[in-house]
Amino acid sequence: MDPWWKYKAKWPHAIGDKSTVRSLGSLLIALESEIASGRVELHIGTSLSVLETFDDNYLDWAYVDTTHAYEQTKAELALLKHKVKSGGIIAGDDWREDPEHRHHGVYRAVQEFLIEETSYRLFFQENTQWAISQDIK
Ligand SMILES: C[S@@+](CC[C@H](N)C(=O)[O-])C[C@H]1O[C@@H](n2cnc3c(N)ncnc32)[C@H](O)[C@@H]1O
């Protein structure tokens, strides 16, 4: 799920072609058979608006790589705890422990989540990648 052009017509950090419309076009072509068979679903929209449409326990795992902002990540985790199955994985990018880093919000939101949601633990963290899971009782 991604808003593509609804967020920005051009993604400034892209290597090469920065058009978000053409990025989606390339993805549709690359995943043509998986989309046609229903194995892959693409959702054009923000993480929060799309996640809300899923039933609880719908996802086996989720990978969070959106705005990296604190409030956004906090809201995503609050929804994902319902949408990801118990024992499933919530993972993501941009683990930045430095409070001065512009993407520190991810680290802060995940740490707060782990303090509030005591059944979850950080089971993987390497470079900027992280993954948390709920202990299955
Ligand atoms: C760092 S890029 C990562 C894109 C992709 N995961 C990748 O590695 O190529 C961040 C992406 O978040 C998307 N984005 C921005 N706001 C969002 C939101 N509220 N919900 C979901 N995605 C969002 C942007 O359109 C952009 O494609």
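If we begin with how the two domains are placed, the C-alpha centres of domain 1 and domain 2 lie 23 Å apart, and I should say at once that this is a predicted model. The domain assignment of the chain gives residues 1-45 as domain 1 and residues 56-137 as domain 2.

Which domains, then, supply the shell around the ligand? Domain 1 and domain 2 each contribute at least three residues to that shell. The residues that surround the ligand are Asp2, Pro3, Tyr7, Trp11, Thr46, Ser47, Asp65, Thr66, Thr67, His68 and Gln72, and when they are sorted by class, the shell holds three nonpolar, six polar and two charged residues. As for the site itself, the ligand sits in the largest pocket.

Let me turn to the individual polar atoms, since you will probably want to look at these on the screen. A polar atom in the side chain of Asp2 lies 2.6 Å from an oxygen atom of the ligand. For Asp65, an N or O atom of the side chain is 2.9 Å from a nitrogen atom of the ligand, while for Gln72 the distance between a polar side-chain atom and a ligand nitrogen atom is 3.4 Å. Considered on its own, the ligand exposes 590 Å², and of that area the protein buries 68%.

Besides the pocket, there is a cavity to consider. How many cavities of 30 Å³ or more does the count give? The count comes to one, and the space in the largest cavity is about 30 Å³. Its lining is made up of Val64, Asp65, Thr66, Thr67, His68, Thr73, Glu76, Asp93 and Val106, which by class amounts to two nonpolar, four polar and three charged residues.

If you put the two lists side by side, you will find Asp65, Thr66, Thr67 and His68 among the residues that surround the ligand, and you will find Asp65, Thr66, Thr67 and His68 again in the lining of the largest cavity. Asp65 is therefore a residue to look at from both sides, with its side chain 2.9 Å from a ligand nitrogen atom and a place in the cavity lining as well.

Methods
Residues numbered from 1 in each chain as written. Predicted model: local features only at pLDDT ≥ 70, side-chain atom pairs only at ≥ 80, totals over all residues. Heavy atoms only, no water. Near = heavy atom within 4 Å. Polar contact = N/O pair within 3.5 Å; in protein donor to acceptor, adjacent residues only side chain to side chain. Areas by Shrake-Rupley, 256 points an atom, 1.4 Å probe, with all protein chains shown as cover. 1 Å grid on protein atoms, 1.4 Å probe; cavity = no way out; pocket = protein on both sides within 12 Å on 5 of 7 lines; lining within 4 Å. Sits in = over half its atoms within 2 Å of the grid points. Nonpolar A, V, L, I, M, F, W, Y, C, P; charged D, E, K, R; others polar. Domains from an automatic or database assignment. Points joined across faces, edges and corners; volume = space filled by probe spheres on them.
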